[in-house]
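Biologist: I'm new to reading models like this one. Could we go through it together, with you explaining the words as we go?

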Amino acid sequence: PPVAAASALKHLKLYRQLQGNWQAYDAYARVSMAMGANQLLHAVSYFCVRMLASEQRSAWPALCCLCILVFAAWLLASLDLYLAPRVLAVAGTLLLLPPVFTMVGIIIAQSDHAKENELLSDICAPASFLLH
């Protein structure tokens, strides 16, 4: 009965009525925040690739950072956007591939055999761009 009495209060009824008017804005704000957080995580992952793989020449720590940040982006997408499991699997793959292609391109460009693999290194940048 205390819950029933609280739900019958006038200001709660008025709040519930007004809340219905703002559902579209709330949904837009949620999607915008999810996309912004996704872009932030991608920016940090590219920063990690640049710092670790390019400047420090540490491929494994760069890959570990990528996996953690991409998993965070995937987890955010799965929690905020209600998607089917199959779509989530495709999203996880598409979230992981662009930074990995970038890292592979950097590692190939810095390797001792950069001249022999120049074409492969040059393909990685457009592939990373197109997979976004």
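Modeller: Sure, let's start with the largest pocket: helix 5 gives the most to its lining, with 6 residues. Keep in mind that this is a predicted model.

Biologist: Which elements give two or more residues to the lining of the largest pocket, and how many residues line it?

Modeller: The lining has 18 residues. Helix 3 (23–55), helix 4 and helix 5 (85–110) each give two or more of them. Nearest the centre are Met 35, Asn 38, Ala 77, Ala 91 and Leu 95. The space in the pocket comes to about 320 Å³.

Biologist: What kinds of residues make up that lining: nonpolar, polar or charged?

Modeller: There are 14 nonpolar residues and 4 polar ones, with no charged residues.

Biologist: Let's take Ala 77 from that group. Why is Ala 77 called buried?

Modeller: Buried means under 20% relative accessible area. Ala 77 has 18%, so it counts as buried. Ala 77 sits in helix 4, and its C-alpha atom is 8.6 Å from that of Met 35, although the two are 42 residues apart along the chain.

Biologist: Now the charged side chains. How many salt bridges are there in the whole structure?

Modeller: A search finds 2. In one of them, the side chains of Asp 26 and Arg 30 meet.

Biologist: What makes the contact between Asp 26 and Arg 30 a salt bridge?

Modeller: The cut-off is 4 Å between a side-chain nitrogen of Lys or Arg and a carboxyl oxygen of Asp or Glu. For Asp 26 and Arg 30 the N to O distance is 3.1 Å, which is within 4 Å, so the pair qualifies. Both residues lie in helix 3, 4 residues apart, or about one turn of the helix.

Biologist: Why is Arg 30 called exposed, and what is Asp 26 called?

Modeller: Exposed means over 50% relative accessible area, and partly exposed is between 20% and 50%. Arg 30 has 55%, so it counts as exposed. Asp 26 has 38%, so the label there is partly exposed.

Biologist: And how do you know that Glu 55 and Arg 50 form a salt bridge?

Modeller: Their closest N and O atoms are 3.8 Å apart. The limit is 4 Å, so this pair also counts as a salt bridge. Glu 55 is partly exposed at 45%, and Arg 50 is partly exposed at 42%. Arg 50 lies in helix 3. From Arg 50 to Leu 95 it is 18 Å, C-alpha to C-alpha, with their positions 45 residues apart in sequence.

Biologist: What is the phi of Arg 57, and where is Arg 57 found?

Modeller: Arg 57 has a positive phi of about 55 degrees, and it is not a glycine. You'll find Arg 57 in the loop between helix 3 and helix 4.

Biologist: Why would anyone point out a positive phi?

Modeller: Because most residues other than glycine have a negative phi.

Biologist: Is Arg 57 buried or exposed?

Modeller: Exposed: the cut-off is over 50%, and Arg 57 has 57%, so it passes.

Biologist: Which residues form the nonpolar patch on the surface?

Modeller: Phe 71, Leu 75 and Leu 79 form that patch, and together they have about 300 Å² of accessible area. Phe 71 is in helix 4 (residues 59–80).

Biologist: What makes Phe 71 partly exposed?

Modeller: Its relative accessibility is 48%. Exposed would need over 50% and buried would need under 20%, so 48% makes Phe 71 partly exposed.

Biologist: One last residue: why is Gln 39 called partly exposed?

Modeller: The reasoning runs as before: Gln 39 has 47%, so it is partly exposed. Gln 39 lies in helix 3. Its C-alpha atom is 11 Å from that of Val 70, with the two residues 31 apart along the chain.

Methods. Residues are numbered from 1 along each chain as its sequence is written. This is a predicted model: local features need pLDDT of at least 70, side-chain atom pairs count only at pLDDT 80 or more; totals for chains, interfaces and linings use all residues. Side-chain values use heavy atoms; hydrogens and water are left out. Patches are made of residues with over 30% relative accessible area and no salt bridge: like charges are joined within 9 Å, nonpolar side chains (Val, Leu, Ile, Met, Phe, Trp, Tyr) within 5 Å. Accessible areas come from the Shrake-Rupley method with a 1.4 Å probe; for residues, only the protein chains shown count as cover. Buried means under 20% relative accessible area, exposed over 50%, partly exposed in between (1.4 Å probe, protein chains only). On a 1 Å grid over the protein atoms alone, a cavity is a set of points where a 1.4 Å probe fits but cannot get out, and a pocket is an open set with protein on both sides within 12 Å along at least five of seven lines; lining residues have an atom within 4 Å of a point. Grid points are joined across faces, edges and corners, and a volume is the space filled by probe spheres set on the points. Ala, Val, Leu, Ile, Met, Phe, Trp, Tyr, Cys and Pro count as nonpolar, Asp, Glu, Lys and Arg as charged, and the others, Gly among them, as polar.
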